[in-house]
Amino acid sequence: MGIQSKDLINLDDLSKAEIEEVLTKAREMRMILAKEDKKHPVLKGRSVINLFYENSTRTRSSFEIAGKYLGADVINITASSSSVTKGESLKDTARTLDQMAPDIIVMRHKASGAHEIVAKNVKARVINAGDGTHQHPSQGLLDLLTILTHKGTINGLKVAIIGDILHSRVARSDIWGLKTFGADVWLCAPPTLLPAKVEQLGAKVTYHMEEALNDADVIIMLRIQLERQKNGLFPSVREYAALYGLNNKKLSIAKPDVLVMHPGPINRGVEISSEVADGMASVIEEQVNNGVAVRMALLEIMGGIGK
Ligand code: NCD
């Protein structure tokens, strides 16, 4: 069936059936990742440009390795080493790169909405690897895959998303994906870290962590995005950790088989204690592996034959 929309900028660019197709393909890719020989050269002769205007460890390297396992040629461009530092506009950079005939441009940018400008100006299909506080669709997909792997279904699960919701593109993609699959989504943060009109996101909201954790099947912890905060939005990191950090004591409020997730990078001792991050309930490392599988699936579906 493939993905109808030219670009993947928001997770809601995909229908539920398209999300299911990506997840099915990602499960196949996970088997390839478990093999000694991981070359699955369905993208031989295709090319992917990774254009990163913001720092990244997991997302950039997983798109790169995903493309390489599939046999595509992958190049990485970071803002600090590109002509952006010489004053070139985003549109000019995009049009220049498009002349190199890439099939896919994967981009991360600090401005919400930057991807629309690029997508309009290039023939390549554009995948959003994170734009400002707006969307991070491949993270949304890998989070769905991780939950489905453990729980079999998402329908009816209580999922608590806790932390800096205001600045989190992960939360915005996750909320949409989780609701599409029938989860009961709870958002928990201090009032200063929740967006205005938060109720429009269609999730339940609480300032109290205990209420969010009570009977939770899945907990998604978020990092405080200090790089996006202009003024102090909470009194101190210590107080934040005491009220909104996850430790073993608070974890016991959730269901015994709760999953603990985090998109990374984690700040140990702030939003999550080491005992929880490294504990039995944590699937944080598995999310990274699923991230490669999901990105392989997206690249094959969007860049492969008959794309
Ligand atoms: C997230 C991001 O960049 O939005 N990380 C990621 O992609 N793995 C979350 C974060 O930076 O806190």
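**Exercise 1. Work out how helix H5 (residues 137–151) and H11 are arranged against each other in this predicted model.**

Solution. Start with the two numbers that describe the pair: H5 and H11 pack at an angle of about 120°, and their axes lie 9 Å apart. Next, turn the angle into a word. Angles of 65 to 115 degrees count as roughly perpendicular, those over 145 as roughly antiparallel. The angle for H5 and H11 falls in neither range, and the two helices are therefore oblique to each other. Finally, add the handedness: H5 and H11 cross in a right-handed sense.

**Exercise 2. Now do the same for helix H1 (residues 16–33) against H5.**

Solution. Here the packing angle is about 70°, and the axes are 10 Å apart. Check the angle against the range of 65 to 115 degrees. H1 and H5 are therefore roughly perpendicular to each other. To complete the description, note that the crossing of this pair is right-handed.

**Exercise 3. Classify the packing of helix H3 (residues 90–98) and helix H4 (residues 114–121).**

Solution. Read off the geometry first: an angle of about 40°, with 9 Å between the axes. Roughly parallel would need an angle under 35 degrees. H3 and H4 are therefore oblique to each other. As for the sense of the crossing, H3 passes H4 in a right-handed way.

**Exercise 4. Describe the largest pocket and say which parts of the chain line it.**

Solution. Begin with the volume, which is about 430 Å³. Then look at the lining: it has 22 residues, and Arg108, Arg169, Arg223, Gly264 and Pro265 are the closest to the pocket centre. Sort the lining by class and you get 4 nonpolar, 11 polar and 7 charged residues. Now trace where the residues come from. Helix H2 (58–69) and helix H6 (169–180) each give at least two of them. On the scale of domains, at least three lining residues come from each of domain 1 (11–136 + 288–303) and domain 2 (137–286).

**Exercise 5. Two of the residues closest to the centre of the largest pocket are Gly264 and Pro265. What kind of peptide bond joins glycine 264 and proline 265?**

Solution. Look at omega, which is about -5° for this bond; the peptide is cis. Then place the bond in the fold: proline 265 sits in the loop between strand S9 (259–261) and helix H10 (274–277).

**Exercise 6. Where is lysine 197 found, and what is its phi?**

Solution. Lysine 197 belongs to the loop between strand S6 (184–188) and strand S7 (204–206). Its phi is near 55°, a positive value in a residue other than glycine.

**Exercise 7. Describe the second largest pocket, and find the helix that supplies the largest share of its lining.**

Solution. The volume is about 220 Å³. Of the 15 lining residues, Ala277, Asp278, Ser282, Ile284 and Glu285 lie nearest the centre. The classes come out as 7 nonpolar, 3 polar and 5 charged. For the last step, the largest share of the lining, 4 residues, belongs to helix H11 (residues 284–303). You met H11 in the opening exercise, as the partner that packs with H5.

Terms used. Residues numbered from 1 in each chain as written. Predicted model: local features only at pLDDT ≥ 70, side-chain atom pairs only at ≥ 80, totals over all residues. Heavy atoms only, no water. 1 Å grid on protein atoms, 1.4 Å probe; cavity = no way out; pocket = protein on both sides within 12 Å on 5 of 7 lines; lining within 4 Å. Points joined across faces, edges and corners; volume = space filled by probe spheres on them. Nonpolar A, V, L, I, M, F, W, Y, C, P; charged D, E, K, R; others polar. Domains from an automatic or database assignment. Axes fitted to C-alpha atoms, helices over the stretch in contact; angles between N-to-C directions. Left-handed = near helix turned anticlockwise from the far one by under 90°.
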